[in-house]
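Please examine the sequence and the three-dimensional model shown here. The report that follows deals with a pair of strands, their surroundings and a pocket.

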Amino acid sequence: MNTPFHDGERWVQARVGVQEKMAQIGSRVIRPFMPEQHRQFFACLPTLLLGAADADGQPHASIIWGSPGFVWSPHPQVLSIAARLESDDPIAACLSPRAAVGVLGLSWHTRRRNRANGRIVERDADGLSVAVAQSFGNCPKYIQARPWRSQARTAGDRLGGVGPDSAWLELVGRSDTLFIASGSAGAEGCGLDVSHRGGPSGFVEVADDGRLWLPDYSGNQFFNTLGNLVREPRCGLLFIDFASGDLLQIQAHAEVVWPQQYGAHGIVAAPGAERMVVFTPARWALRRARLPLSFGAPECSPFLPQGSR
């Protein structure tokens, strides 16, 4: 079968009955180069989401920033990034030449997003370049639109620890946006991926045992993230405090929970969820006042399921 999807993605697609359909669609829309509109799009952004793995294979999710134009494409198969990563960013040590990397460009005020996965071909003190292996757009579902402007900040402390912590549980409990870095180890895999998840404020439920429950809503049915997680449950989470600029990065272990398993887990699915994903937090870092952007009040996505809180 001519498909850009690895066996984890195909397994999830088959389970929900869309494998043949996605093979046909995927081969058309997932390209080994960036179309011109994607190249122009990345050059307009003030931020870029990244996913990469450390030497042990643990994925990390992060966000970098700069004046629009700090990301540009000198060639349809190359994305260049002029940004110095902060030394205390957990992803900084992961971005060496030949490392797999997932890139997500998101326009905060228009909800538009495009992805590019590939490998780093160059890294120095001023930035990095990525050779693109996969490029494709994502629909705007579940993104909360936010106007933004530059906001100078004085970087705060970096806190850290292992497992659930009062330093960040409140942030997670009110968030409407989450980014997940996941990996697809093996010869078939494209390496690393970073994806967006969104919902109403508090859509990620913090259970009494400290685990985080994420509703998985209907999407493009590529199942890039879920396909990765069924192969490699380790992942990296990124939560953003849009008021303070705080960045919370969590290493976690994920489990995809299907409706037939809800009873065994003693849960009731969130409204509109087709399945649930539960994350067990491990090591985490909370970097205070780092994102130098100020955001206006969010405009809720019109695609949020009816009855979601």
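In this predicted model, strand 14 and strand 15 form a hairpin in which 6 residues lie between the two strands. Within the turn, Gly245 has a positive phi of about 85°. One facing pair in this hairpin consists of Leu238 and Gln249, the latter in strand 15.

Strand 14 (234-240) also pairs with strand 10, which covers residues 177-184. Here Ile180 has Leu237 of strand 14 as its bridge partner. The table sets out the two pairings.

| Strand pair | Sense | Bridges |
|---|---|---|
| Strand 10 and strand 14 | antiparallel | 4 bridges |
| Strand 14 and strand 15 | antiparallel | 7 bridges |

Is strand 14 largely enclosed or largely open? Residues count as buried when their relative accessible area is under 20%. In strand 14, 6 of the 7 residues are buried, and therefore the strand is largely enclosed by the rest of the structure.

The largest pocket holds about 150 Å³ of space. Its lining comprises 15 residues, and those closest to the centre of the pocket are Pro90, Gln251, Arg283, Trp284 and Ala285. Both strands of the hairpin, strand 14 (234-240) and strand 15 (247-257), are among the elements that give two or more residues to this lining. The other such elements are strand 2 (59-65), strand 9 (158-162) and strand 16 (275-287). By residue class, the lining of the largest pocket contains 7 nonpolar, 6 polar and 2 charged residues.

Key:
Residues are numbered from 1 along each chain as its sequence is written. This is a predicted model: local features need pLDDT of at least 70, side-chain atom pairs count only at pLDDT 80 or more; totals for chains, interfaces and linings use all residues. Side-chain values use heavy atoms; hydrogens and water are left out. On a 1 Å grid over the protein atoms alone, a cavity is a set of points where a 1.4 Å probe fits but cannot get out, and a pocket is an open set with protein on both sides within 12 Å along at least five of seven lines; lining residues have an atom within 4 Å of a point. Grid points are joined across faces, edges and corners, and a volume is the space filled by probe spheres set on the points. Ala, Val, Leu, Ile, Met, Phe, Trp, Tyr, Cys and Pro count as nonpolar, Asp, Glu, Lys and Arg as charged, and the others, Gly among them, as polar. Buried means under 20% relative accessible area, exposed over 50%, partly exposed in between (1.4 Å probe, protein chains only). Two strands pair if DSSP finds at least two bridges between them.
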